[in-house]
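Biologist: Before we begin, may I ask you to show the structure and then to justify the terms applied to it?

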Amino acid sequence: MTALGATLAYFINYGFYHLSGQIVWRFPIAFQIVFALATLLCLPFLPESPRFLYAQGRLSEADEIMAALRGQDTNSEVVQYERATILAAIADEDVAGEFNLKTIFYDKSGQQIPRRMALVVAIQVIQELSGTNIIVNYASNILIQIGLSHDLSLLLGGVVTLFFWLGSLLGIYLIEKVGRKKLLYSGTIPMFVGYIIYTLMVKDGRPDHLWVAFAFLSLIIASFGWSWLSVAWVLGPELVPVRYRHVGGALNALSNWTFVFVTVKIGPIGLANLGWRFYIIFIVFTILQFPIVYFFIPETKGLSLEEIDLLFIKSSDCEQTLEKLSEHEVKEVERIVSVARGPPQQCKIL
C-alpha cells in the first residue's frame, strides 16, 4: 500500500502540475481523506485476532475465526493444532511473567526480548539507509540533475514510482514462496549492481549514458519493492512474542519513519554537495545488508508466530515450553528447529 500510495500521489501531483490556481495544492491534500474514510468503513468488518481471543479465554470465538482463516472446520486437525500451540505459547508467556517495559532492554525469561527488539529496529534502519526513499521522493529531481529535460524528468519520475509499485506486488506473491532471507538477497544483489552501474553512468554525465542510468535507477527501486519493502514490515511483528508485539510493531514503524525522515532530509543536501559521490554511501549500506541478513535474520517462512518463538527460546527454557505440547506437537517443534537452525542442538528433544 505504501508503494501504491507513492505512485498515486506522484501521478496526482503530476497531473495537477499542469493546472493553475488553488486546486493545484488543495485537491492533492484533500484527496488523502478518501483512504482514511475507506479504512474507517472497513474496520468494523475485520475479524478480531484469534490470539487475542484465546488470551482472553474466548475460545469458541477464536476457534471460529481460526477455522474461517484456514478454510477448515473448527474440529479439524489444523485448527486444533494451531489452537494448542497458541494456548501453549500464552501459558509460556504467563510463566515468564507480565509485560514489563524493562525487559525490552534486559530479559531473564529466556525469550531473548532485547535481541528480538534490536532485530525489528535494525532491519528497518538498514532498509532505509540503502537510499531508496530518496529515489522515490526525488526521482524527477535526480533525473533533472543527471541531464534529462525538465518535462521528461517529471514524467519519468512517475515511471520510477510505477516500477516501485510493480515490484511491491511481486514481493507479495514471492514472500511465502521463496522465504524471507532469499527474497532479501534477491533484492540486495540487483540493488548493489544497479547502484554501481548507475553511479558510473552519472559520474561523467555523458548524454548517451543517461538512459542507462534511468534503467538502473528503475531496477534499484523495483528490486527494493519486491524485497526489503515487504520483508522488513512482515518481520517486525513476526519476530517478537505476542505479549510484546505491540511494542515490536511500534519500534519497527518508528525506526522506519525516523530514517525515512533522515534520508529524505539529507538527500537534497547530499546530492547538491557531493553529486555522484553521494551514491557511494548507499552502495556501502547495500553491501552491509548481506552480512546482516546472513548472520542475524532468521528464516520464518511457513512458521506460525508461536513456532517463530521457538527459534529464540534458550535451551534452559526449551524443555519447560515443550512440556506444554503433545507428542505430535513436539515432533513438529523438532522439525521447525531442524529446518531453521540445522540439527536441533540448542532445543534438544529428550
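Modeller: The following exchange sets computed values against the definitions behind the terms, for a model that is predicted.

Biologist: What makes up the protein chain, in terms of helices and strands?

Modeller: The protein chain has 17 helices and zero strands. Of its 350 residues, 45% count as buried. The accessible surface comes to about 18,100 Å², and 66% of that surface belongs to carbon and sulfur atoms.

Biologist: What share of the contacts in the protein chain with a separation of 6 or more comes from residues 24 or more positions apart?

Modeller: Such residues account for 74% of those contacts.

Biologist: Why is E128 called buried or exposed?

Modeller: The term buried applies under 20% relative accessible area. E128 has a relative accessibility of 2%, and therefore it counts as buried. The residue is placed in helix α7.

Biologist: How do you know which residues E128 touches beyond its sequence neighbours?

Modeller: Contact requires heavy atoms within 4.5 Å. When residues up to four places away in sequence are not counted, E128 touches N133, N256, F259, V260 and T263. As to T263, it is 135 residues from E128 in sequence, while the C-alpha atoms of the two are 7.3 Å apart in space.

Biologist: Why is P241 called buried or exposed?

Modeller: The cut-off is again under 20% for buried. P241 has a relative accessible area of 0%, so it is buried. P241 lies in the loop between α12 and α13.

Biologist: Which residues are in contact with P241, leaving aside its neighbours within four places in sequence?

Modeller: They are E93, Q111, I113, R116 and D309. From E93 to P241 there are 148 residues in sequence, but 8.3 Å in space from C-alpha to C-alpha.

Biologist: What makes R206 buried, partly exposed or exposed?

Modeller: Partly exposed covers the range between the buried limit of 20% and the exposed limit of 50%. R206 has 42% relative accessibility and therefore counts as partly exposed. This residue lies in the loop between α10 and α11. Its C-alpha atom is separated by 9.0 Å from that of I146, 60 residues apart along the chain.

Biologist: Why is Y294 called buried or exposed?

Modeller: Exposed means over 50%. Y294 has 54% relative accessibility, and so it counts as exposed. Y294 is in helix α14. Not counting residues up to four places away in sequence, Y294 touches K181 and Y185. The C-alpha atoms of Y294 and K182 are separated by 9.8 Å, with the two residues 112 residues apart along the chain.

Biologist: Let us turn to the interior. Which members of the largest nonpolar core touch the most other members?

Modeller: Those are I142, Y198 and W228, in a core of 60 residues. The elements that give two or more residues to this core are α7, α8, α9, α10, α11, α12, α13 and α14. Of these, α11 gives the most, with nine residues. Another core, of nine residues, lies apart from it and includes L53, Y54, V79 and I90.

Biologist: Which residues does W228 touch, not counting residues up to four places away in sequence?

Modeller: W228 touches I123, I126, Q127, L184, T188, M191, Q289 and V293.

Biologist: How is empty space found, and what is the volume of the largest pocket?

Modeller: Rolling a probe the size of a water molecule over the atoms shows where empty space is left. The largest pocket has a volume of about 470 Å³. It is lined by 23 residues, of which A6, A9, N133, V136 and N137 are the closest to its centre. Two or more lining residues come from each of α1, α7, α8, α9, α12 and α13. The largest share, seven residues, comes from α1.

Biologist: How many residues of each class are in that lining?

Modeller: The lining has 14 nonpolar, eight polar and one charged residues.

Definitions and conventions. Residues numbered from 1 in each chain as written. Predicted model: local features only at pLDDT ≥ 70, side-chain atom pairs only at ≥ 80, totals over all residues. Heavy atoms only, no water. 1 Å grid on protein atoms, 1.4 Å probe; cavity = no way out; pocket = protein on both sides within 12 Å on 5 of 7 lines; lining within 4 Å. Points joined across faces, edges and corners; volume = space filled by probe spheres on them. Helix = DSSP H or I, 4+ residues; strand = E, 2+ residues; numbered from the N terminus. Nonpolar A, V, L, I, M, F, W, Y, C, P; charged D, E, K, R; others polar. Buried < 20%, exposed > 50% of the residue type's maximum accessible area, 1.4 Å probe, protein only. Core = buried A, V, L, I, M, F, W, Y, C linked by side-chain atoms within 4.5 Å. Areas by Shrake-Rupley, 256 points an atom, 1.4 Å probe, with all protein chains shown as cover.
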